[in-house]
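Here is a short guided tour for anyone who is new to reading protein models. Please keep the sequence and the structure open as you read.

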Amino acid sequence: MCAKSGLGKADMAAPLLSVSNLHVGFATEKGLVRAVDGVSFDLTEGQTLGIVGESGSGKSVTAKTLMNLLPSYARVGGSITFDGRDVRAMATEGERHFWGVEMTMVFQDPMTSLNPVKRIGEQIAESLRVHLKRTRSEAKDEAGDLLQQVGVPEPRKRLRQYPHELSGGLRQRVVIAMSLACSPRLLIADEPTTALDVTVQKHILDLLDELREERGMTMILITHDLGVVRGRADQIMVMYAGRTMEQADTATLFSQMRHPYTEALLETIPRIDMASHTRLIPIPGMPPELVDVPDGCLFSQRCRSCSDSCLTDQPPLEVCGPMHVCACHTPVGTEAGAAARAANREAGVTPAGLDMGTFTAVEESA
Ligand SMILES: Nc1ncnc2c1ncn2[C@@H]1O[C@H](COP(=O)(O)OP(=O)(O)O)[C@@H](O)[C@H]1O
Ligand SMILES: [Mg+2]
């Protein structure tokens, strides 16, 4: 296994999707925004990759790069291969039937994908007619079947309705139906439930899971909530400030997490064994600006395990166990990590100047 080229290369079938050393920058007035900085992963057919990180980590930019949806001023480096084909070359060659057929995406806000002045049925049918050359009546029939599959009640009636006549949850089901119309091999779901009610969220996530299973689809599930991918993803990549901080199969990530950022993310989600009034501790501070990024680890300013070298040397992504990579000088569960944390506790402050008192409540509940 090689950290640089993603996980699992040696012992798995050829991956359906292989992303290697992906870089995406945006030239802005302030300078080059390094939105994605050297991300690599392999995804085996039929598996789900969870991409997790706070807002601004580069999750959506990664997804949009795969979907060929970046603005023209984006600068992209690295390679993306899908079933042996060069995805970036398909983009420049103007390949029309790859996106929307083999690789599709569901966005956070269903209205990103829906046209407010077109009937639901026409919108689903359009994709079938454009990509699969279905006739008008065939497409209409299939659209009704698709609505049924995604659990929309009274599908025939819904076909004639406009998006504003549906609830947020139903709209997202319609968008999922649209994304499934041409039977994609890879579905990217970017925070598909973030805009929805808590009660609806679970239904939509379970629906995606069922559809993936039934269709043998491969999936990338993007979320800021580590709790969402627990039990749903086969492997998880934790991103921060455009970089991969840690990546492992899901069970390993939860049982043997190494990165203090992963640990901090986990502490922001409610635990079943916590009293409902327990206050969850947010991660102190904010992610860095991605222009003129400082030397060292980009999480160091917010990290309770920060050591001197974290401020000066960027930790490389290294193998730390079977199918497990992490970019940290002072990982959780290691001597170096425990020593750094003990020293910071003793000093009351980290080398980056973060008050260790911020973490007292977290550590007491652990
Ligand atoms: N079109 C763009 N132009 C300039 N900067 C952008 C553009 N799109 C995204 N970014 C920046 O890239 C970074 C990553 O954004 P994004 O991938 O949307 O984060 P996430 O989805 O993890 O919340 C952010 O700092 C964001 O401001
Ligand atoms: Mg996003």
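The report below goes from the domains to a hairpin, a ligand shell and one residue.

This is a predicted model, in which local features need pLDDT of at least 70 and side-chain atom pairs count only at pLDDT 80 or more, while totals for chains, interfaces and linings use all residues. Residues are numbered from 1 along each chain as its sequence is written, and chains are lettered from A and ligands numbered from 1 in the order in which they are written.

**Domains**

The protein chain is divided into the domains in this table, with bounds that come from an automatic or database domain assignment.

| Domain | Residues |
|---|---|
| domain 1 | 1-102 + 184-255 |
| domain 2 | 110-183 |
| domain 3 | 295-365 |

Between the C-alpha centres of domain 1 and domain 2 there are 25 Å. Their contact takes 15 residues from domain 1 and 12 residues from domain 2; two residues are in contact if their C-beta atoms, placed from the backbone, lie within 7 Å. On the side of domain 1 that touches domain 2, helix α7 (residues 198-215) gives the largest share, 7 residues. That side has 11 nonpolar, 3 polar and 1 charged residues. Here Ala, Val, Leu, Ile, Met, Phe, Trp, Tyr, Cys and Pro count as nonpolar, Asp, Glu, Lys and Arg as charged, and the others, Gly among them, as polar.

Helices (H or I, at least four residues) and strands (E, at least two) are DSSP runs, numbered from the N terminus.

**A hairpin and a ligand**

Strands β1 (residues 17-28) and β2 (residues 31-43) are antiparallel partners over 10 bridges; strands pair if DSSP finds at least two bridges between them. With 2 residues between them, β1 and β2 form a hairpin. Gly-25 has Arg-34 in β2 as its bridge partner.

Which residues are closest to ligand 1? They are Phe-26, Ala-35, Lys-59, Ser-60 and Val-61, in a shell of 14 residues; a residue is near a molecule if its C-beta atom, placed from the backbone, lies within 6 Å of it. β1, β2 and α1 (59-66) each supply at least two residues of this shell, and α1 gives the largest share, 3 residues. By class, the shell has 6 nonpolar, 7 polar and 1 charged residues.

**A look at Leu-128**

Leu-128 sits in helix α3 (residues 120-132). Is Leu-128 buried or exposed? Leu-128 is buried because 22 other C-beta atoms lie within 10 Å; the cut-off for buried is 20 or more, with 12 or fewer for exposed and partly exposed in between. Leaving out residues up to four places away in sequence, Leu-128 touches Arg-134, Ala-139, Glu-142, Ala-181 and Cys-182.
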